[in-house]
There are 2 protein chains.
Amino acid sequence: METVSETASFGGVQGVYRHRSSACACDMTFAVFLPEEARSGPVPVLWFLSGLTCTHENAMTKAGAQAAAAEAGIALIFPDTSPRGEDVPNDDDFAMGQGAGFYVDATQGPWSEHFKMWSYVADELPELVAQHFPLDMERQAITGHSMGGHGALTLAMGLPGRFRSVSAFAPMANTLDSDWGVPQLTAYLGADEAARRRHDASVLVEERGFDGPMLIDQGTEDQFLDKLKPEALAAAIARRRQPATFRMQKGYDHSYFFVSSFIDDHVAMHAEALWA
Amino acid sequence: METVSETASFGGVQGVYRHRSSACACDMTFAVFLPEEARSGPVPVLWFLSGLTCTHENAMTKAGAQAAAAEAGIALIFPDTSPRGEDVPNDDDFAMGQGAGFYVDATQGPWSEHFKMWSYVADELPELVAQHFPLDMERQAITGHSMGGHGALTLAMGLPGRFRSVSAFAPMANTLDSDWGVPQLTAYLGADEAARRRHDASVLVEERGFDGPMLIDQGTEDQFLDKLKPEALAAAIARRRQPATFRMQKGYDHSYFFVSSFIDDHVAMHAEALWA
């Protein structure tokens with residue numbers, strides 16, 4: 001693992017690192033924020049998964065999560081959203097290929113050689129960061145934005161017991177029934193719906209649920225509401241009797257101005273679960 | 001004036017606007033954050049001037065100033081750092097030309113036709129925003145980063161009575177004695193030192209001072225310390241007996257991770273002066 005940069009931030013350190021990923025068969029870059037408390041011992045971890053077109057950098061610089069994480073004494077990890085490189089397949093559509101890994105393990109060509117973002121975020125990267133940073137891996141939580149909200153929810157419910165709390169900003173909530181979901185997951189996972197059902201947040205809420213606090217924020221002026229399908233997730237939460245807070249935030253759109261406006265609430269919810 | 005975008009942020013609105021600047025003889029883009037209180041009446045104003053290579057966008061997305069401004073009920077204005085466009089002179093050096101206006105009115109060719117950032121920030125843009133937004137122009141304060149810190153300090157001292165408080169993050173503090181200052185201001189203003197003395201923050205502190213609170217933050221690990229010359233400003237503050245807080249922040253570099261770590265302190269200081 002190579003250090004790209006380390007920068008002081010809110011009394012802690014915002015670092016960027018690069019390593020060779022065996023899951024994705026390419027070099028991967030990720031960011032870690034460590035609060036001041038990490039100097040004297042392991043700290044809890046909040047994962048932030050990002051959306052379409054993003055790298056590790058967008059949320060690191062625009063979400064404004066470091067202030068609250070420093071206050072709460074928890075680490076933040078910002079993975080990239082897909083494998084990258086000249087040898088990695090891509091697509092002209094920004095919702096497919098590089099920058100659009102959808103947090104699944106692709107089984108279909110030409111994607112299956114590199115697009116293993118589920119394994120990367122669920123297995124490889126946790127092992128790597130646990131080895132290199134003072135993290136208490138018994139205390140993990142996860143959040144994300146848009147495609148990363150989909151990732152946060154599907155990982156949280158797909159790995160029971162791993163995460164103490166889950167939240168999402170404007171998540172892709174119903175990939176089985178959306179232009180952001182059907183074409184991409186069919187390309188990555190094939191036409192059989194069974195494989196894709198495990199990557200639909202609304203299906204998972206209704207069929208499995210999540211054992212811990214859940215917070216969903218969605219802006220009412222989000223320009224992608226027709227693709228995100230928050231109504232499916234809200235209905236699933238209600239049908240499941242899933243303990244959750246689902247908020248439609250008046251006037252907010254899909255941008256990081258929305259994320260940063262509510263990030264403190266999310267970090268506070270996770271911090272309470274992580275320190276419990 | 002044309003609206004480029006308006007986005008909900010912390011209960012208020014983060015807008016981006018474009019207009020034809022007569023001072024700079026080109027189209028100029030700027031950003032305004034209005035807190036929720038602006039819906040019911042005029043609010044005080046905090047100007048944020050940015051550094052080399054920046055547009056209106058960098059601080060708007062990375063400084064994290066909106067949270068504290070919303071809390072304090074004050075507006076933020078983020079001007080661009082220079083005239084721009086194909087017809088506007090430029091230079092291969094990132095510290096000269098487009099993105100590097102240095103907040104002066106150039107008198108030397110080829111710069112003098114467009115590079116009038118002093119007049120733009122001191123006169124034209126205030127008139128424009130006062131006309132279009134609910135701003136209390138009797139309550140203004142100013143801050144900035146790097147070249148923008150130089151701008152904030154020189155404007156605050158060059159326009160006595162205009163700003164109630166001034167602050168700066170890692171300002172270019174002594175342009176008469178720096179590679180960030182001498183070449184650029186000589187090109188813009190000519191070889192005569194008299195014109196350039198009015199654009200040196202340390203000279204101004206020592207010769208004029210500022211009637212109001214002043215806060216300076218500077219990181220100890222700033223990669224540009226040799227160009228910024230904070231020691232000149234600190235010495236001038238001491239010699240002048242200028243009321244000021246000058247902080248060397250251990251471990252911080254020149255990035256927006258430094259700015260965002262301390263922006264709340266700056267906004268709080270300005271808010272106190274603005275609401276007094």
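A residue counts as buried when its relative accessible area is under 20%, and as exposed when that area is over 50%. Keep this cut-off at hand as you explore this predicted model.

**Exercise 1. Find where Ser146(A) sits in chain A, and decide whether it is buried or exposed.**

Step 1: Look for the elements on either side. Ser146(A) falls in the loop that follows strand 6 (135-144) and leads to helix 4 (147-158) of chain A.

Step 2: Apply the cut-off. The relative accessibility of Ser146(A) is 4%, so this residue is buried.

Step 3: See what surrounds the residue. Leaving out residues up to four places away in sequence, Ser146(A) touches eight residues' worth of names you can look up, including Gly51(A), Phe169(A), Trp180(A) and His254(A).

**Exercise 2. Work out how Ser146(A), Asp222(A) and His254(A), placed in one feature by UniProt, are arranged in space.**

Step 1: Start with the record. An unreviewed UniProt entry gives these three residues the feature "active site".

Step 2: Weigh sequence against space. They span 109 residues in sequence, but no two of their C-alpha atoms are more than 10.7 Å apart, so they gather at one spot.

Step 3: Turn to His254(A). This residue lies in the loop between strand 9 (245-249) and helix 10 (256-275) of chain A. With a relative accessibility of 9%, His254(A) is buried.

Step 4: Check the links. Beyond its neighbours within four places in sequence, His254(A) is in contact with several residues, among them Ser146(A) and Asp222(A). The side chains of His254(A) and Asp222(A) also make a polar contact, at 2.6 Å.

**Exercise 3. Describe the surroundings of strand 4 of chain A and name the partners of Val45(A).**

Step 1: Judge the cover. Strand 4 (residues 43-49) is mostly covered, with seven of its seven residues buried.

Step 2: Identify the paired strands. Strand 4 pairs with strand 6 of chain A in the parallel sense over six bridges. Strand 4 also runs parallel to strand 5 (residues 75-78) of chain A, joined by three bridges.

Step 3: Follow Val45(A) to both partners. Its bridge partner in strand 6 is Gln140(A), while in strand 5 Val45(A) stands opposite Ala75(A).

**Exercise 4. Explain how chain A and chain B are related.**

Step 1: Superpose the chains. A turn of 180 degrees, with a shift of 0.0 Å along the axis, lays chain A on chain B with an RMSD of 0.0 Å.

Step 2: Draw the conclusion. The two copies are therefore related as by a two-fold rotation axis.

Step 3: Examine the contact surface. The same surface serves both copies, since 100% of the contact residues of chain A recur in chain B.

Step 4: Find the axis. In chain A, Lys62(A) comes closest to it, with its C-alpha at 2.7 Å.

**Exercise 5. Pick out unusual backbone angles at Pro110(A), Lys229(A) and Ser146(B).**

Step 1: Recall the general rule. Most residues other than glycine have a negative phi, and most peptide bonds are trans.

Step 2: Look at the peptide bond. From Gly109(A) to Pro110(A) the bond is cis, with omega near -5 degrees. Pro110(A) lies in the loop between strand 5 and helix 3 (117-132) of chain A.

Step 3: Look at phi. Lys229(A) has a positive phi, near 60 degrees, and is buried at 18% relative accessibility. Ser146(B) also has a phi near 60 degrees, and is buried with a relative accessible area of 3%.

Conventions. Residues are numbered from 1 along each chain as its sequence is written. Chains are lettered from A and ligands numbered from 1 in the order in which they are written. This is a predicted model: local features need pLDDT of at least 70, side-chain atom pairs count only at pLDDT 80 or more; totals for chains, interfaces and linings use all residues. Side-chain values use heavy atoms; hydrogens and water are left out. UniProt positions are given in the numbering used here, feature names are shortened, and annotations may be inferred rather than shown by experiment. Helices (H or I, at least four residues) and strands (E, at least two) are DSSP runs, numbered from the N terminus. Buried means under 20% relative accessible area, exposed over 50%, partly exposed in between (1.4 Å probe, protein chains only). Contact means heavy atoms within 4.5 Å. A polar contact is a pair of N or O atoms within 3.5 Å; within protein, one must be able to donate a hydrogen and the other to accept it, and residues adjacent in sequence count only if both atoms are side-chain atoms. Two strands pair if DSSP finds at least two bridges between them. Copies are superposed by least squares on the C-alpha atoms of residues with pLDDT of at least 70 in both.
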